[in-house]
Amino acid sequence: MSACQGCSYKGMSTSVEGNYVGVRVGEESNLTLCATGNEIFYKDERVVVDLDPGPALGKVEQSPMPVFKPCQKVSARRIMRRANDNDEMAFEKKLENDFAAKRFCRERAKNLGLEMKVSKVDFALDGSKAVVYFTAEGRIDFRKLVREISRRFSARIKMMQVGARDEAGLIGGIGVCGRTLCCSTWLQDFRPISIQMAKRQSLSLNPSKISGQCGRLLCCLAYEDDQYQALPKKKANRPSENPRS
């Protein structure tokens with residue numbers, strides 16, 4: 001199963017299995033489900049996980065990890081090994097490269113006249129690959145930029161254009177509700193949001209009140225919209241308070 005489209009296992013647990021653990025990679029809020037094979041990994045152990053664009057350092061946060069559906073098992077990532085001192089040093093180098101590459105990309109993009117905003121650069125733990133996330137209004141010819149980044153950091157570079165909402169999820173932050181952004185924690189799919197949702201909930205239409213960090217309408221406007229749409233129907237179907245005598 002390549003993606004979860006709903007199945008007969010909905011709401012059913014296959015029980016907690018010892019060969020799956022939850023690993024937190026970097027500052028991500030979501031835990032990554034990882035298969036351990038025949039190894040036993042304990043909470044707070046540092047491990048190297050096989051991710052895209054390459055190996056990544058993480059920490060076991062939940063061991064064992066509940067697995068609810070077969071499709072979850074299929075998408076589980078592989079734990080390559082327990083982290084050692086060399087991995088810890090490589091991680092520090094990765095963070096330096098992430099910061100340096102982001103600054104380098106922004107400077108070179110500006111000098112090359114590219115209308116794009118570099119949001120994040122994510123190197124693999126071994127430094128051989130990196131993904132550059134950026135936003136732009138239209139198509140960008142970034143071939144020269146890729147060559148310069150690749151030559152500067154001796155890595156294979158992949159450019160990935162994202163939308164404003166995806167960028168907010170990558171960067172993270174705190175929403176107007178005072179909690180961590182939904183898009184950087186658990187929200188996977190973005191539903192279409194309209195101003196009608198705010199009107200149905202009698203919210204202020206001030207953009208600063210109903211817009212998120214991405215500048216778009218708040219995703220949470222859709223969470224209870226179905227209930228608000230159903231309210232007029234319930235009122236219409238409600239028995240009359242003054243029945244005929």
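This report describes how two helices pack together and how a sheet is arranged in a predicted model.

Residues are numbered from 1 along each chain as its sequence is written, and side-chain values use heavy atoms, with hydrogens and water left out. Local features need pLDDT of at least 70, side-chain atom pairs count only at pLDDT 80 or more, and totals for chains, interfaces and linings use all residues.

Helices (H or I, at least four residues) and strands (E, at least two) are DSSP runs, numbered from the N terminus. Helix H2 (residues 85-111) packs with helix H3 (residues 143-153), their axes 11 Å apart. The angle between them is about 145 degrees; axes are lines fitted to C-alpha atoms, for helices over the stretch in contact, and angles run from 0 to 180 degrees between N-to-C directions. In the contact (heavy atoms within 4.5 Å), H2 uses residues including Phe104 and Arg108, and H3 uses residues including Leu145 and Glu148.

An open sheet of three strands follows the order E8-E9-E10, with mixed pairing; two strands pair if DSSP finds at least two bridges between them. E8 (117-123) and E10 (156-161) are at the edges with a single partner strand each, so one side of each has no neighbour in the sheet. Strand E9 (residues 129-135) and E10 run parallel, joined by six bridges. Phe134 stands opposite Gln161 in E10.

Two helices pack on this sheet:

| Helix | Strands touched | Angle between directions |
|---|---|---|
| H3 | E8, E9 and E10 | about 140 degrees with E10 |
| H4 (residues 164-171) | E8 and E9 | about 45 degrees with E8 |
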